[in-house]
Amino acid sequence: MFSFCPLQGALSDSSASQSLLELDGGVKILIDVGWDETFDVEKLKELGKQAPTLSLILLTHATVSHLAAYAHCCKHFPTFQRIPVYATRPVIDLGRTLTQDLYASTPLAATTISSASLAEVSYASGYSQAASAENTFLLQPPTPEEITKYFSLIQPLKYSQPHQPLPSPFSPPLNGLTITAYNSGRTLGGTIWHIQHGLESIVYAVDWNQARENVFAGAAWLGGNHGGAGGTQVIEQLRKPTALVCSSRTPDATLPRAKRDEQLMESIKLCIARGGTVLIPVDSSARVLELSYLLEHAWRKEVAKDNDVFKSAKLFLAGRTISSTMKNARSMLEWMDDSIIREFEAFADESRRNHRRDEGNHQTGPGPFDFKYLRLLERKAQIDKILQQSEDAEPRAKVILASDTSLDWGFSKDILKSIAADARNLVILTEKPNLEPSHKPSIARTLWDWWKERKDGVATERTSNGDTFEQVYAGNRELEIETVEQKGLEGDELNVYQQWLATQRQLQATLQSGGTTLLEAPGDVLDDADSDTDTESEGSDTEQQGKALNIATTMAQASRKKVVLRDEDLGVTILIKKEHVYDFNVRGTKGRDRMFPVAMRRRRADEFGELIRPEDYLRAEEREDAENQEAGQVSTNNQEPEGLGKKRKWEDVGTAGRGRGGSGPNKRPHHHDRRRLSAGEADAAPFSKNGPAGDDLSDLEDEEDETLNGPTKLIVTKETIPVRLRIAFVDFSGLHDKRSLTMLIPLIQPRKLVLVAGGKDETLALASDVKKLLTAQSTGTESAIEVLTPAVGTTVDASVDTNAWVLKLADPLVKGLKWQNVRGLGIVTVTGLLLPGGEFQPTEVGDGGDGDAAKRQKLEDASETPTSTALVKTGTNTSLPTASLPTLDLVPPTLASSLRSQAAQPLHVGELRLADLRRAMLSAGHKAEFRGEGTLLIDDVVVVRKSTAQGGRIELESVGLPGDTMPGTTSGGLLDAAMKVGGTFYAVKKKIYEGLAVVAGA
């Protein structure tokens, strides 16, 4: 049995996804650690309570709504880093770049400290006005290095490979829990999780897409390479689960891929033809791959046709970590659709041919994600440069893809502020934005509402195929935009923050036996940054589990009783924590209070040994350059003439060689030389993987802002801008439609269906439609599939009702059982007489009946051994307990004859997989190969078919033999052929029976 509880995203317009599964034995699995653009830390409060009891974590997609809160939890939740996390390799790498982009783009991601806890601290400390609601204090955000460390802890998995995970240190045993990842479509590495635990089979499928796209293959429901191109039946592993957890969020109207792409390109073409700028808000890790691939290849196609509209327009992709995202995508082509793999193989073959013919001097065409026209931008100065060019006398049309889709943070927000006042410009929304009732709507949601209202007029356009689409006028409406900034804490605010930090450290003291304090203050006296954070606790697992399970209670009691730390709580550390204190009484004290506090740096080490500091091994010139860079000085070594005996740097040798005509030792091409080309030469110049060369954008650097190393607070300023541009919507969310869901559910045949990740209205409407569909397919009777729609924080029992009893088995009955093993499970049929209270029924069996009865009577009287050692605990008292379990004993001879007449027919237990049968026949020396869907041909004479439509029915056929001797064949040869056919037939039949358990009727 298992229960399901959605922590976020159920019956809500918020796209954040967090789900908790609790299995037998207290095993808890958290699926996804999502967030939304509000970055409200209150939404993670329930997750913080559940974190100390989690067994493992599974991640599905590399998007904000599925893993944006992972780094925050690792930074601020005790023991969260010790929980095993599993995901596919693309989700790990792209999730890391997404998180780094998130924290580099907006201070909101750091989240604010609870105003209630600050108010308690400030009131108790006498700073009643320091922690007002207007000045929100920020938590310390994770650094890029910490984010990299957190994601390196995630265990990578591959598709269709079952894996038995390891539990967390404070988790109960997993008892053979198996997880398997399958392709979900929509994002690179997106996952449908199959969880097998005992008799429970759970399929968790949220935000999947059955349709194939330009980059992503369809979901693996029907098999195929990565999914989407398989047969007409759901694969065996995902069929008939105990429960199917599925997302209910579906697009309002779904267009075929070709029409969707055409509508997007026609919208762009109309805008750039009139010299406007097109802004397409995208994410920075998932759907951006689909859009960037589509636009790059569309530009290649149109430029090849000598289309002046596209030749004169520029194409940009902006994001803080977009280069890393594309670099990761180029190394993960095997996770994409088969068409991408074929395109890359064709590109590789062309490269090899050109290399052999021209000795490497010929520039080959671009690969799937080598951008010839799409220019990648990662700095604010580059964005300002291209936007400034739009204000020139002769503006050049531009298409800019920028993160994020919400338009509340990232480069997309800055670009919108710049282009909003021009009626020639266009914003294309690619997915339905979130709506959180308790927060102000995002900018994207506001534009979406304007697009739905169509208040100020609509421009109806037509594609080349005759399809129509609409662009809505903004009508010079006013749009309020909030700008968030950080400011350092000073005076009483700083004192309140330090007191709050000390309080939090004291409250977490029970969890710090295995490592250093998780809450770090900048410039801490003890230099916790250089401490060992990976030291394991020496205590037992029972002690750790007890500490972990009492976190919530400890934190709650401490917050009520000790709001502010007193001098007694600080102990000997008062000498360094409090000013003007120079003495401490150590008489009668124990532990650390008996010794003066000394700030010691402990060596950092991991399982491979002590960690080294790279700066300790720099060469003299490298150390000099580092010192000059820290001091803000510019090294002038490159301008100095080379002196006799002076050691030259490697890059100096390469520069000198190029100055003498390129005959120096360093002959590798330098891409920064191409940036000095003129505009005319840039079109014919070789391109790089990150866009066309020949511009001056790469030389632009952002102005260095004042670094805030200490604690900060959030300052929000508001401004209102007029919006005159057009608004369009083309659905590129990549979510499954209602038709796919209603088609697959009868094929999957789940026992229970749990709908999450969708708005209240659409979830309830989908549940109603599914119930009607299942009722209609069950010939008018009530469907056996139960549909559940839990709300956030509501726990539902998602297990299947089964009849289970706990019995004792009498020893004579156990001795006569004949067990059969099927896939690690023991199966046996039992027929006996059920007696209450552990009593035995004396029976007479043949001549030895009196002896057997006497033996059983002796066991009942003496009770030297328990009736069933598997179910009864042995102890010092050998007598039977007064409230014993019912006992199943042998059937008396008087009833045995009547039971034989009612014996059931023999049946086969287990499920045959053709892949396993093929493997077994190959190992036995036979020839076996698949021929079509569900057909296995063995030795070219025996055919094994499996019909999924008839419940997995197995059909075995062999070729027929003619009655007379075939021409040119002797009777002996015909006999040999018959023996060959017969031998193969019975060998196949034997292997089939070996994989099943034949349970005879009682």
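Biologist: In this predicted model, which residues is L264 in contact with, leaving aside its neighbours within four places in sequence?

Modeller: Contacts of this kind show which parts of the chain meet in space although they are separated in sequence. For L264, the partners are I280, L291, L294, L295, I428, V730 and F732.

Biologist: To which nonpolar core does L264 belong, and how many residues does that core have?

Modeller: A core is read as a set of buried nonpolar residues joined through their side chains. L264 is in the largest one, which has 113 residues. L264 is also listed with those that have the most contacts inside this core, together with I29, I195, I268, I280 and V399. The largest share of the core, eight residues, is supplied by α8. Apart from this core lies another, of 33 residues, including A318, I419, W448 and I481.

Biologist: How many residues of α8 are buried?

Modeller: One counts the residues of the helix with under 20% relative accessible area. In α8, 13 of the 17 residues are buried, so the helix is largely enclosed by the rest of the structure.

Biologist: What span should helix α8 have, and how far apart are its end C-alpha atoms?

Modeller: The expected span follows from a rise of 1.5 Å a residue. For the 17 residues of α8, residues 288-304, this gives 24 Å, and the end C-alpha atoms are 24 Å apart, which agrees. Just after α8, D306 takes a positive phi of about 65 degrees.

Biologist: How many aromatic pairs does the structure hold?

Modeller: There are 15 aromatic pairs. Each is read from the distance between ring centres and the angle between planes. The centres of F77 and F80 are 6.2 Å apart and their planes lie at 75 degrees; planes over 60 degrees apart count as edge-to-face, so this pair is edge-to-face. F77 is buried, with a relative accessible area of 13%, and F80 is buried at 1%. Both residues form one aromatic cluster with Y70 and F151.

Biologist: Why is the pair of F344 and F347 tilted?

Modeller: Its ring centres are 6.3 Å apart and its planes are at 45 degrees, so the pair is tilted. The two residues lie three residues apart in helix α11 (residues 338-358), about one turn of the helix. F344 is partly exposed, with a relative accessible area of 36%, whereas F347 is buried, at 18%.

Biologist: Where does R260 lie?

Modeller: Here one looks for a charged group above a ring. R260 lies over the face of F732, at 4.0 Å from the ring centre. Likewise, the charged end of R454 sits over the ring of W451, 4.5 Å from its centre.

Notes. Residues are numbered from 1 along each chain as its sequence is written. This is a predicted model: local features need pLDDT of at least 70, side-chain atom pairs count only at pLDDT 80 or more; totals for chains, interfaces and linings use all residues. Side-chain values use heavy atoms; hydrogens and water are left out. Helices (H or I, at least four residues) and strands (E, at least two) are DSSP runs, numbered from the N terminus. The expected span of a helix is 1.5 Å times one less than its number of residues. Buried means under 20% relative accessible area, exposed over 50%, partly exposed in between (1.4 Å probe, protein chains only). Rings of Phe, Tyr and Trp (its six-membered ring) pair if their centres lie within 6.5 Å; planes under 30 degrees apart count as stacked, over 60 as edge-to-face and the rest as tilted. A charge sits over a ring if NZ of Lys or CZ of Arg is within 6 Å of the ring centre and within 35 degrees of the ring normal. A nonpolar core is a set of buried Ala, Val, Leu, Ile, Met, Phe, Trp, Tyr and Cys residues joined through side-chain atoms within 4.5 Å. Contact means heavy atoms within 4.5 Å.
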